[in-house]
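Hi,

Here is the structure for you to look over. My notes follow below it.

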Amino acid sequence: MKIGIIGGGAAGFFAAITTAETSKASITILEKSPNVLSKVRISGGGRCNVTNAVSDIKEFIKYYPRGSKELISTFSRFSNLDTIEWFRKRGVYLKTETDGRVFPVSDNSQTIIDLFTSLASKCNINVITGFDAAKVSFSNGLFTVKDRRENTLSFNKLLVSAGGFSTLDKYNWLINLGHNIITPVPSLFTFNCKDTLLSGLQGIAVEDVMVKVSDTKLSSQGDILITHWGLSGPSILKLSAFGARVLNEMNYKFTLVICWTKIDVHKETEGAQKNSPLKQIIKHPFRNIPIRLWESLIINSGVNHEKRFNELSKKDVEAINNILTHSQLSINGKSTFKEEFVTAGGVSLKEVDFRTMESKIVPGLYFAGELLDIDGVTGGFNFQSAWSTAYIAGQSMANQV
């Protein structure tokens with residue numbers, strides 16, 4: 001039995017090793033670039049964010065804007081806890097950080113890469129780099145894969161784990177096999193913003209902020225980070241993921257509404273007027289708001305920033321309340337989050353049997369990883385869907401050898 005795997009990334013290696021450890025199949029990984037596992041190398045700032053420690057599957061799937069329904073059964077068969085145990089049994093120990101992200105104890109993605117490449121070698125998995133699969137055909141139970149130089153290989157079964165593509169035309173070889181592709185759009189990106197409110201504030205982070213896209217139902221809550229190009233942080237990344245298609249339709253130009261604090265601004269102001277009447281407002285920020293951001297908010301509120309708390313009029317208080325709870329910033333574009341390019345879109349989930357990860361259109365064709373119309377927020381969730389779908393595909397292929 002010859003099994004071909006298109007894509008030498010996380011899902012491809014995980015599926016290949018899973019298949020090889022439980023069968024005697026001849027397995028070949030085809031990678032278009034000169035190096036394998038490139039996304040593993042850069043993940044988590046070079047530390048490799050392997051998975052997330054959220055233990056309840058019903059909670060875990062809430063971190064997937066697309067594919068959450070299908071992943072319930074997938075994670076029940078191979079969960080994040082199974083992933084941690086899988087690595088432990090093979091000599092790689094993982095640690096959980098306070099935010100739930102899971103990394104190798106070594107804090108080095110090379111640990112994961114070395115494990116995969118050594119296991120691939122031990123299992124006699126053939127790895128071919130520089131093979132850019134351009135055409136795939138299926139006839140008489142056999143898959144024929146050609147690269148752009150017309151090099152040709154044939155397989156009895158084929159797993160596609162080539163990651164997400166940025167444009168629809170790059171999926172043509174799958175479309176030609178009969179599959180429908182959900183048009184890919186970017187996910188997990190930061191917002192470009194040149195509003196004067198943020199001027200000179202790069203590096204400032206604020207905890208537990210509520211953000212909302214004006215005139216839509218899109219909203220998110222979490223920490224926010226002001227950057228030299230605009231806005232980033234968990235709340236922004238989550239908003240970009242769940243709003244990937246809507247924001248794409250808006251051409252990434254919209255009004256972002258920010259509530260910087262949960263406190264009752266009117267009551268907080270009343271307390272300051274009573275307890276610190278002679279203090280200048282610009283020098284005394286309310287809870288959780290960094291002083292430099294507070295200064296910018298007060299100046300941009302239109303209130304005379306030299307005023308003391310006892311000098312504030314009702315109109316002043318309303319203006320401060322409005323900018324603290326309803327800042328409106330013009331977003332004009334997006335930027336990729338670090339080097340972690342993620343797409344929303346890919347192979348339609350309706351055409352995949354999630355019990356086996358086999359195509360419902362072409363027998364013997366399997367899928368795993370981000371090529372599917374599945375994507376998660378940052379924090380190890382995209383890798384987990386790759387491990388889980390790859391494991392199930394690998395087991396399924398092994399069972400048919």
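A word on the fold's contacts first. Take pairs of residues in contact that sit at least 6 apart in sequence. In the protein chain, 71% of those contacts join residues at least 24 apart. Please keep in mind that this is a predicted model.

Overall make-up: the protein chain holds 13 helices and 22 strands. Its C-alpha trace spans about 85 × 40 × 35 Å along the principal axes. The chain has 401 residues, and 52% of them are buried.

Surface and charge: the accessible surface of the protein chain is about 18000 Å². Carbon and sulfur atoms account for 48% of that surface. The chain carries 45 positive and 37 negative charges. The mean positions of the two sets lie 2 Å apart.

One residue to look at is Asp147. It belongs to strand S8, which covers residues 142-147. Is Asp147 buried or exposed? Its relative accessibility is 3%. The cut-off for buried is under 20%, so Asp147 counts as buried.

What does the side chain of Asp147 have beside it? One of its polar atoms lies 2.8 Å from the backbone nitrogen of Asn151. Now set aside the neighbours of Asp147 within four places in sequence. Asp147 is then in contact with Phe131, Asp132, Ala133 and Ala134.

If you open the model, Asp147 in strand S8 is a good place to begin.

Best wishes

Terms used: Residues are numbered from 1 along each chain as its sequence is written. This is a predicted model: local features need pLDDT of at least 70, side-chain atom pairs count only at pLDDT 80 or more; totals for chains, interfaces and linings use all residues. Side-chain values use heavy atoms; hydrogens and water are left out. Helices (H or I, at least four residues) and strands (E, at least two) are DSSP runs, numbered from the N terminus. Buried means under 20% relative accessible area, exposed over 50%, partly exposed in between (1.4 Å probe, protein chains only). Contact means heavy atoms within 4.5 Å. Accessible areas come from the Shrake-Rupley method with a 1.4 Å probe; for residues, only the protein chains shown count as cover. Lys and Arg count as positive and Asp and Glu as negative; His and the chain ends are not counted. The place of a charge is taken as NZ of Lys, CZ of Arg, CG of Asp or CD of Glu. A polar contact is a pair of N or O atoms within 3.5 Å; within protein, one must be able to donate a hydrogen and the other to accept it, and residues adjacent in sequence count only if both atoms are side-chain atoms.
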